[in-house]
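Work through the following exercises with the model open beside you, and try each task before reading its solution.

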Amino acid sequence: MSVEAPALHATVEDAPLSRREAGVPTPLLGMLLFITSEVMFFGGLFAAYFNARAVHVGPWAPPPPAAALEMLPIALPITIILISSSFTMQFAVWAIRRGDQRAMRNWTALTLLLGIAFLAGQLYDYSTLGFGISDGAFGTVFYTLTGFHGAHVFGGTVGLTILVARASQGQFSARNHVAVEAISFYWHFVDVVWIALFSTLYFLR
Amino acid sequence: MATTALSPTAESYRRSWVLDWLTTVDHKKIGILYIVNSFIFFFAAGILALVVRSELAVPGLQFLDVQTYNQAFTMHGTIMIFLFVVPVLSGFSNYIVPLMIGAPDMAFPRINALSFWFLPLGGILIFSGYLFGGAAAEGWTLYTPLSNSVYSKGVGTDLWLIGLLLVGTASILGSINFVATIFKMRAPGMTLFRMPILVWTVLVTQTLILLATPVFAAGMIALFIDRNYGGSFFDPNAGGNPILWQHLFWFFGHPEVYIVILPAMGVVSEILPVFTRRPLFGYRAFVFATVAIGLLSFSVWAHHMFTTGQVYLPFFSFMTALIAVPTGVKFFNWMATLWRGSITFATPMLFALGFLSMFLIGGISGMVLSSPPIDFHLQDTYFVVAHLHYVFFGGSVFGVFAATYYWFPKMFGRRLNESLGKVHFWLMFIGFNVTFFPMHFLGMDGMPRRIADYSPTAGWTMWNLVSTAGAFLIAISVLPFLWNVVATFINGERVGDDPWEGNTLEWATTSPPPPHNFDRLPPIRSERPVFDLRHRHDAEHVKADQSLVEGGQP
C-alpha cells in the first residue's frame, strides 16, 4: 500500500500527530462511560422494581411462607463486608500511587476475599429465603435485582483476580497503574448500587 | 518535527487476506466490515419486505399463512432497524470519524473489533428462529403480553431476545469507544467547535446509545426471565404490569429514532457544503440543535403510548412538538446553505437532497401524530407505517446511500459511476414515494398495520396494489447500485485523493488511507481545514486587496 503524502500538503508546516496525554486517561474514561451505561441498566431494573410496587395491591412483602425480608443474620453482615471492601480497594489504589506494589497486591487480595465472602453470603441467603423467582412480582424483582448485582460483583472479582495476578508479576508502578484505578472505580460503583439496592429492599418497607 | 512514518520493513509483514480481515483492528477495515455486513442484512430484510407487500397486493391470503406473515414483518422491522440502519451508520462513523478528527485509530481498537463481531452473531441468532419452529412474530416492538410464554410459545422470541442483547451489547461497547475517541483522540488544533458536523452528530448519537440501550437491555432481560424462569414482570395476574414493557422499550425506542437520523443528518451536513461550494450556514446553531434533539429525545417516549391511557398526554405531546424547534433550525440551516450556492448535482448531492425532502415529510407527519386526538385515530394504522418509513427510509437510508457515494472514492480510490448512480437515485426516489405515500391514505382510511389480509370491500385494494408496485420498483433500483459497485471494483474511474474537493480532514490523506491514516496533517484553524489549505493563497490575496475585505469570505 502506498503511503506517500498527496501533493496538496507537501509544503505545509508539519503538525504533531498526537497531542500530549492530558486530563482523564483514555482507559479510565472508557471505564467511566461503561459505568454510565451500567447506571442506566440498573436504572431500568429499579424502574421495574418500583413499577411492580406501584401496581401491587396489599402489603409489599415476600410470598408466604416467608413473612418479611430479614436483615439478620445474612443481609446486614454481607452489606458491611461489601462496604468494607470499598475501603480496602481504595487503600490498594493509594498504595500503588505511592509505588508500593506489595501493599497494593495485599489490599487487592483482601478486597477479592471480601467480594467472594459477599457472594457466598448472598448465595446462602438465597437458599434460606423460602421463595423463588417465580413466586409473584416480589420474587421476580428481588431475585432479578439482587442477582444482577451479584453478577456484577462476580465480574468485579474477575477483575480483582487479574489485578492480583498482574501485581504478582510486578506490572504496576506509581506512574503506570491505570487498570487499578479503573477496577477500583468499577468496584466502588458496584458497592454504591448495593447500598441503593439494600436501602430499597430493606428500609423502604 | 514529529513523524510517524513506518519503516519499510513494517509493511512487509504479510498475512493471508482472509485472516487479515478476520483479525483486523483497523477502524477503516472494521468500518467496511460493518457496512458490508449491514448491506447483507439490508438485502435479506428487503426480501422480507417484498414478501409482505406481495401478500398485501390484493385481498385474500395468496401464498402465506398468517403466522408466516407475522414472522416476515417482525423480522423485516427488527433486521432493518437493528442490523441495517444503526450498524451501517456506525460503520460509516467508524471509518470516517477518526479520519475527520485527525486520529490514527479509535480509542479502543480491539473493543471496536469485538463490537463488530457481535453483530453478525446476533443477526444470525435472530434469524435462526426460522430453523427452530418459527422466528419471533410479535412485531419489532415485541409488546407484552403478546410476547409472553403463553401467546408466543416458540423459541423464536427467545432467540430474538438473546440476539438483540448481543447487538445491544455491541452498540454499548461501540458507543463507549466513539465517545472516548472523540474526546481523547482529536488532533492538535481540532477543538470541539472545529469538529465537522458529522462528528458532533456521532457524539450525540453515541451518547444516546450509551444511555438508552442499557434500559432496553434491562427490559429484554426482564422479558426473558418472564418467559423462561416463571417471572412476572409483565404478568398482571401475578402482580406485574404489561405496560412496563412499553415504557422500557420506548425509553430506548424513541432515542433510537434519533440514533438513526442524527448521523444521517451529519452526513447530509457534510455533503451540502461540498456540493454548494459554501460553508454550512450556522455551524454553532446546528451543533446546539443536535444537542437539544439529544436531550429532548429522553422526554418524549410515551408519545408511542398515548392510547394506553396510562401516560400524561399534554406533557408528552408538548415535548414531542418541541422537537420540531431544533429540527426546524437544522432545516433552516440546510436551506440557507443551499441558497445561492453553486450547486452540482452529483449522486451524493442527489441523495442528500432526497434526504431533505423525504425527511421533511416524515417530520411533518410526526408532528401530526404528536397531537393526541389525531394519534388516537391513527394509532397502529398505515399512517404510522408511512411516517416511520419516511423517517427511516426517506431519511436515514437516503443518508446512507449519500454517504456510500460520497466516501466510496476515499475507501477504495475509485468513484462509483455517476450515470448508474443517478439511475439508482431516481428509481429509488420514485419507488419509495410510490410505495409509502399511499400508506398515508390507507392509514387515514383506517387500515391497521400488521394485518395479513383485508376485505375486498374495504376500499383499500387500489392503494395497496400501487404500494406493492412501488416496493418492486425499490427492489429494481438496488440492481444498478449493485452493478455499479461490482463494475467500479473491476474497472472504476481512479479519481485521486480528493475527488469532490472536500472540506474535512479525511480528504487530506491518500485514498485509501494508510493504516495509520496520516503521515502529516494540515494546520487546523476552522471546521474546514482542507478547504483552508486549498485556499490559503486566496486568503492572502484577499488581505492584500483592501477593497475585497468587507465582502470576502473568511
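**Exercise 1.** Which residues in H1(A) meet which residues in H6(B)?

*Solution.* The model is a predicted one. On the chain A side, the residues of H1(A) in this contact are Leu33(A), Thr36(A), Ser37(A), Glu38(A), Met40(A), Phe41(A), Gly43(A), Gly44(A), Leu45(A) and Ala48(A). On the chain B side, H6(B) contributes Leu210(B), Leu211(B), Pro214(B), Val215(B), Ala217(B), Ala218(B), Gly219(B) and Ala222(B). Sorted by character, the residues of this contact comprise 12 nonpolar, 5 polar and 1 charged.

**Exercise 2.** Describe how the two helices are arranged, and classify their packing.

*Solution.* Begin with the geometry: helix H1 of chain A, residues 26-55, packs against helix H6 of chain B, residues 197-228, at an angle of about 40 degrees, and their axes are 8 Å apart. Because of that angle, H1(A) is oblique to H6(B). The handedness completes the description, since the crossing of H1(A) and H6(B) is right-handed.

**Exercise 3.** Set out how chain B is divided into domains and what joins them.

*Solution.* Chain B is divided into domain 1, covering 29-521, and domain 2, covering 525-554. The C-alpha centres of these two domains of chain B lie 38 Å apart. Their contact takes 13 residues from domain 1 and 8 residues from domain 2, and the domain 1 side of it divides into 7 nonpolar, 4 polar and 2 charged residues.

**Exercise 4.** Compare the span of H14(B) with the expected value.

*Solution.* Helix H14 of chain B, residues 418-444, has 27 residues and reaches 39 Å from its first C-alpha to its last, which is close to the 39 Å expected at 1.5 Å a residue. After H14(B) comes Gly446(B), with a positive phi near 100 degrees.

Notes:
Residues numbered from 1 in each chain as written. Chains lettered and ligands numbered in written order. Predicted model: local features only at pLDDT ≥ 70, side-chain atom pairs only at ≥ 80, totals over all residues. Axes fitted to C-alpha atoms, helices over the stretch in contact; angles between N-to-C directions. Helix = DSSP H or I, 4+ residues; strand = E, 2+ residues; numbered from the N terminus. Parallel < 35°, antiparallel > 145°, perpendicular 65-115°, else oblique. Left-handed = near helix turned anticlockwise from the far one by under 90°. Contact = placed C-beta atoms within 7 Å. Nonpolar A, V, L, I, M, F, W, Y, C, P; charged D, E, K, R; others polar. Domains from an automatic or database assignment. Expected span 1.5 Å × (residues − 1).
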